[in-house]
Amino acid sequence: MSKILEFLSKRRSVTAKMMSPGHLKIEDLKLILNTGLRVPDHGGLKPWKIIVINGDSRKKFDEDVILKEYKANNTNPTPNMIKIESSRLQRADTIIAVISSTREHPKIPEWEQVLSAGAVCTTILYAAQSLGYAAQWITEWYAYNTYIISELGGNPIKDKVAGFIYIGEKNKNPKERVRPNPDDHISYY
Ligand SMILES: Cc1cc2nc3c(=O)[nH]c(=O)nc-3n(C[C@H](O)[C@H](O)[C@H](O)COP(=O)(O)O)c2cc1C
C-alpha cells in the first residue's frame, strides 16, 4: 500500500473538545495552506476564501465576535454558556475558516463551486493530520451566522462557511469510530 493510502485509511479527526492548543509551526501552517489550495476547481474560479485565525486573534474573535453575537441572540445566558462561547476558538492553536464564495458563471454551476470549497476543507484537514496535528472540521452555530460571515470578510448575502478547520495538539490518539460498511453504500452499475 502506498504511504498516502496507508495514512488515509488510518487517519482520524481529534475533536476540538479533545485537543489542546499546542503549537502549530509557521512552516507547517504554510504547507497546510498551500496544499489546501491545490484542489480540483472547475474553470479555476477559486470560489473560496481562506481566513487564518491564530495567536491573539482567537481570543479577540471569541469575545468580540462569537460571544457578542451569542449574547445578541440569547438573553440571560448562563455563566457556563458564556464560558463556552467566549473560548471556542481557543480550544485550538489555529483555526482555518474556509468560505464558499461562488459566482454566477455561464458554464460552471454553483454546486460545483461549493464542492470545491469542501475539497479545500478536506485537503487542509488531511494535510494537518498528516503532519501529526490534531485537527477537526467543524461548523457549529456560528458558521451559519451572517454577522460572523461578514466579520470573516465574506459576503453575508451569498457566501457560506464551508468549515472551520481546528488545528491543535493531540492529548492522546483518538479511538477509531464506526466506519461505513462499503457494501451498504457502494454499488456497481
Ligand atoms: C461540513 C461538516 C461540518 C461538521 N461540523 C461539525 C460540528 O460542528 N461539530 C462536530 O462535532 N462535528 C462536526 N463535523 C464532524 C467532525 O468533523 C467529526 O469529528 C468527523 O466526522 C470525524 O471523522 P473522521 O475521523 O473521519 O475525520 C462536521 C463534519 C463536516 C463534514
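Student: Is Y133 buried or exposed in this predicted model?
Tutor: The place of Y133 is in the loop between α5 and β4, so the burial has to be judged from the surroundings of the residue, where 26 other C-beta atoms lie within 10 Å. The mark for burial is 20 or more such atoms. Because the count for Y133 is 26, the residue is classed as buried.

Student: Which residues is Y133 in contact with, leaving aside its neighbours within four places in sequence?
Tutor: The C-alpha atom of A72, which is 61 residues from Y133 along the chain, is separated from that of Y133 by 34 Å. The contacts of Y133, once neighbours within four places in sequence are left aside, are with L24, A128, I167, G168 and E169.

Student: A128 is in contact with Y133; which residues does A128 touch, not counting those up to four places away in sequence?
Tutor: A128 is one of the residues with which α5 makes its contact with α2, and A128 is also among the members of the largest nonpolar core that touch the most other members. Not counting residues up to four places away in sequence, A128 touches I32, Y133, A135, I165 and I167.

Student: At what angle do helix α2 and helix α5 pack, and how far apart are their axes?
Tutor: Two packed helices are described by the angle between their axes and by the distance between those axes. For helix α2, residues 26-36, and helix α5, residues 110-130, the angle is about 150° and the axes are separated by 8 Å.

Student: What is the handedness of the crossing of α2 and α5, and how do the residues of their contact divide by type?
Tutor: The crossing of α2 and α5 is right-handed. On the α2 side the contact is made by L31, I32, T35 and G36, while α5 contributes V120, T123, I124, A127 and A128. By type, the residues of this contact divide into six nonpolar, three polar and no charged.

Student: Which element gives the most to the largest nonpolar core?
Tutor: This core has 36 residues, of which V98, I124, A128, A135, I165, Y166 and I167 touch the most other members. At least two residues each come from α3, β3, α5, β4, α6 and β5. The element that gives the most, with seven residues, is α5.

Student: V98 is among those core residues; how many other C-beta atoms lie within 10 Å of V98?
Tutor: V98 lies in strand β3, and, leaving aside neighbours within four places in sequence, V98 is in contact with W48, I50, A117, V120, C121, A162, G163 and I165. V98 is buried because the number of other C-beta atoms within 10 Å is 27.

Student: Is S101 buried or exposed?
Tutor: The place of S101 is in the loop between β3 and α5, and S101 touches P47, W48, K49, G154, N155 and D159, not counting residues up to four places away in sequence. Because 21 other C-beta atoms lie within 10 Å, S101 is buried.

Student: How is E69 classed by its C-beta neighbours inside 10 Å?
Tutor: E69 lies in helix α3 and touches Y142, N145, Y147 and I148, not counting residues up to four places away in sequence. The C-alpha atoms of E69 and E85, 16 residues apart along the chain, are separated by 9.5 Å. With 18 C-beta neighbours inside 10 Å, E69 therefore counts as partly exposed.

Student: What is the phi of K46, which is not a glycine?
Tutor: K46 lies in the loop between α2 and β2, and with 13 C-beta neighbours inside 10 Å this residue counts as partly exposed. Although K46 is not a glycine, its phi is positive, at about 50°.

Student: Is E140 buried or exposed?
Tutor: The place of E140 is in the loop between β4 and α6, where E140 has a positive phi of about 55° although it is not a glycine. Because 12 other C-beta atoms lie within 10 Å, E140 is exposed.

Student: Which strand gives the most to the shell around the ligand?
Tutor: The ligand is surrounded by R12, S13, T15, Q136, W137, I138, T139, E140 and G163, and these residues divide into two nonpolar, five polar and two charged. The strand that gives the most to this shell, with three residues, spans residues 134-138 and is β4.

Definitions and conventions:
Residues numbered from 1 in each chain as written. Predicted model: local features only at pLDDT ≥ 70, side-chain atom pairs only at ≥ 80, totals over all residues. Near = placed C-beta within 6 Å. Helix = DSSP H or I, 4+ residues; strand = E, 2+ residues; numbered from the N terminus. Nonpolar A, V, L, I, M, F, W, Y, C, P; charged D, E, K, R; others polar. Axes fitted to C-alpha atoms, helices over the stretch in contact; angles between N-to-C directions. Left-handed = near helix turned anticlockwise from the far one by under 90°. Contact = placed C-beta atoms within 7 Å. Core = buried A, V, L, I, M, F, W, Y, C linked by C-beta atoms within 7 Å.
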